[in-house]
Amino acid sequence: MERNLSNENFEFVEAVANLYNLALGFQKSMSLKCAMDLGIADAIKNHGQPMTLSQLQLALSLPTTKTPHLYRLMRMLRHVGFLLEKGDGVGTEAVYGLTPISCLLLKSEETFSMFPAMSCILDSIVVNPSQHLGEWFKQDGQQKPFELAHDCTFWDMTNKNPNFNQMFNIGMERTNRYFVNLFVKNASDTFKGVRSLVDVGGGTGALAKGIVENFPHIECTVLDLPQVVQSFPNEGLVKFVSGDMFNFIPPADMVILKWILHDWCDEDCIKILKRCKEAIPSREAGGKVILIEVVIGSTPSKICQETHLLSDMLMLTTFTGAERDELHWQKLFSEAGFDSYQITHSLGFYSVIEIYP
């Protein structure tokens, strides 16, 4: 016979369950990483239809001894929305199909695959510094948890570790293609009257190339560090310039910074924004700066709100920057000498911020 818990005991039991859920939350990330390492999404895609567990085990060339354990992994992946369970079968007879999440991680879909970006986020180089967060809070120094873990900054790591640098750059490039499809193709008003622009920290130029393809009259320049752009030719529609955004930004009607300022502290953001202001003409002459960044508190979506906070913790652990709310952004714009701004919440958990001199 079922016994009903008192309110006090119920709250205690729920608190214990929530505590374990918080502590074991990393298993969601690691299950996702395992699915990526095994190539589960691509195996189902290549099969052309949902797969049984035994079919998947054969396609992945896994030992038969791992089949029951594969079921446990698939159960977790289904729970977090990575897979769909179809058909009437249960347990080892269940049939698994793709979801919008797993479709984003298809290595075979190179155009919009988020696989490289997620591989970078889930790499031990990025994950391990979180173990040093408590140690960092107790210290009065300026080193970030990332530096405590690796004895170098994130940007030093990209400079000295070619494999990690390549993974990071490819991840940013693929993500830029996503923004081209979502933002650029629906931003005719944003680019109206713009004759030239600079994509600051534009990496491989994916965003700039997408802009030129949709607005061929705009002269596009990508500014990034030497180790990023030195191998790219300047023969195409996009010009690559090697440089430091803290020192100089080439002149243009528009400056774009996508996921740049959240890496930097307020003082550095103001310096960068002042360089942007120096690079563009007056508002009357069409000058403006476009930021693609998180604005905390900008969406009623629970999943986006949580993503904002998780991303902020990544900034805290890895960089000197932060994810900011609108009042925080407004303060930075004012101190950098900008008169007004406009925020459009149109990119999922990201927003487009137009700021004007």
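E335 forms a salt bridge with K331, and the closest nitrogen and oxygen atoms of this pair lie 2.6 Å apart. The model in which this pairing is found is a predicted one, and the account that follows moves from this helix to another and then to a loop. Because E335 and K331 are 4 residues apart in helix α17, which spans residues 326-335, about one helical turn separates them. As for their surroundings, E335 counts as partly exposed at 40% relative accessibility, and K331 is likewise partly exposed, with a relative accessible area of 47%.

This pairing belongs to a set, for the structure holds 8 salt bridges. Among them are two in helix α15, which covers residues 266-279. In one of these, E267 is joined to K271, with 3.8 Å between the closest N and O atoms; since the cut-off for a salt bridge is a side-chain nitrogen within 4 Å of a carboxyl oxygen, this pair therefore qualifies. E267 and K271 are 4 residues apart, about one turn of the helix. Their accessibility can be read separately: E267 is exposed, with a relative accessible area of 53%, whereas K271, at 41%, counts as partly exposed, because the class of exposed residues begins over 50%.

The other pairing in α15 links E278 with R275, and here the closest N and O atoms are 3.1 Å apart. These two residues are 3 positions apart in the helix, which again amounts to about one turn. E278 counts as exposed at 57% relative accessibility, while R275 counts as partly exposed at 25%.

From these helical pairs the reader may turn to L106, which is placed in the loop between α6 (residues 100-103) and α7 (residues 115-121). Is this loop residue buried or exposed? L106 has a relative accessibility of 3% and therefore counts as buried, the limit for that class being under 20%. When residues up to four places away in sequence are left out of account, L106 touches A41, D42, K45, L98 and S113. A separation of another kind is given by P226, which is 120 residues from L106 along the chain and whose C-alpha atom is 31 Å from that of L106.

Taken together, the residues described here include the salt-bridged pair E335 and K331 in helix α17, the two pairs in helix α15, and the buried L106 in its loop between α6 and α7.

Technical notes: Residues numbered from 1 in each chain as written. Predicted model: local features only at pLDDT ≥ 70, side-chain atom pairs only at ≥ 80, totals over all residues. Heavy atoms only, no water. Buried < 20%, exposed > 50% of the residue type's maximum accessible area, 1.4 Å probe, protein only. Contact = heavy atoms within 4.5 Å.
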